[in-house]
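Q: Please take a close look at the largest pocket of this protein. Which residues line the largest pocket, and which helix gives the most to the lining?

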Amino acid sequence: MSKADLKFEKKHQFYTKVRDTVAALSAQKATEKKKKLRSRQKKLKPYDLSSLSEFLPELKTLWQPSPAAQFKLNCKSMQKLILKEGKQLSTVLNHPAFQLDSLAAILQHLHSTQPVTDEKPKKKKNKNGRKKKKANKSKASDGPQSMVM
């Protein structure tokens, strides 16, 4: 055998050893995870919560799917949505108020549809979360003064 063949054979043996050890470690890790899961399940104690069920309301009455959850987005529904939005856009573009002043019409629409929120500007606070205090300047630092006695 040539030197290159010996090198190749040595590398091949090394890689097979590495592959075997990796497979053994992964199998060992999987069994450890199963053991941990079993021990956690053993620690859990079953509680009888049937007495609570009579006081709680039914889940079906509380939970109602939103219309967005019922709306499935497929090709047919997308086509309907595009047609509907296209008609809405054409009616907006043909509206006389929009044709006269588009920005004013949009602003008026937003005022009529969106709730108005009056937010007062928050006072700045320092790093500690407290309000800043105004520091009183001492009279000595106001400027040059004569020392008359």
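A: Helix α7 gives the most to the lining of the largest pocket, with 4 residues. This is a predicted model. Helix α7 spans residues 102-113. Two other helices, α5 (75-94) and α6 (96-100), also take part. Each of these three supplies at least two residues of the lining.

Now the residues themselves. The lining holds Gln-88, Thr-91, Val-92, His-95, Ala-97, Phe-98, Ala-105, Ile-106, Gln-108 and His-109. By character, 5 of them are nonpolar and 5 are polar. None is charged. Val-92, Ala-97, Phe-98, Ala-105 and Ile-106 are the nonpolar ones. Gln-88, Thr-91, His-95, Gln-108 and His-109 are the polar ones. The volume of this pocket is about 260 Å³.

Next, the setting. The protein has 7 helices and 0 strands. Read along the sequence, the pattern is α-α-α-α-α-α-α. The chain counts 149 residues, and 1% of them are buried. The accessible surface of the protein comes to about 16,300 Å². Carbon and sulfur atoms account for 60% of that surface.

One surface feature can be added to the picture. Phe-14, Tyr-15, Val-18 and Val-22 form a nonpolar patch. Together they have about 400 Å² of accessible area. Val-22, one of the four, is found in helix α1, which covers residues 3-43.

Back to the pocket: α5, α6 and α7 each contribute at least two lining residues, and α7 contributes the most.

Methods: Residues are numbered from 1 along each chain as its sequence is written. This is a predicted model: local features need pLDDT of at least 70, side-chain atom pairs count only at pLDDT 80 or more; totals for chains, interfaces and linings use all residues. Side-chain values use heavy atoms; hydrogens and water are left out. Buried means under 20% relative accessible area, exposed over 50%, partly exposed in between (1.4 Å probe, protein chains only). Accessible areas come from the Shrake-Rupley method with a 1.4 Å probe; for residues, only the protein chains shown count as cover. Patches are made of residues with over 30% relative accessible area and no salt bridge: like charges are joined within 9 Å, nonpolar side chains (Val, Leu, Ile, Met, Phe, Trp, Tyr) within 5 Å. A salt bridge is a side-chain nitrogen of Lys or Arg within 4 Å of a carboxyl oxygen of Asp or Glu. On a 1 Å grid over the protein atoms alone, a cavity is a set of points where a 1.4 Å probe fits but cannot get out, and a pocket is an open set with protein on both sides within 12 Å along at least five of seven lines; lining residues have an atom within 4 Å of a point. Grid points are joined across faces, edges and corners, and a volume is the space filled by probe spheres set on the points.
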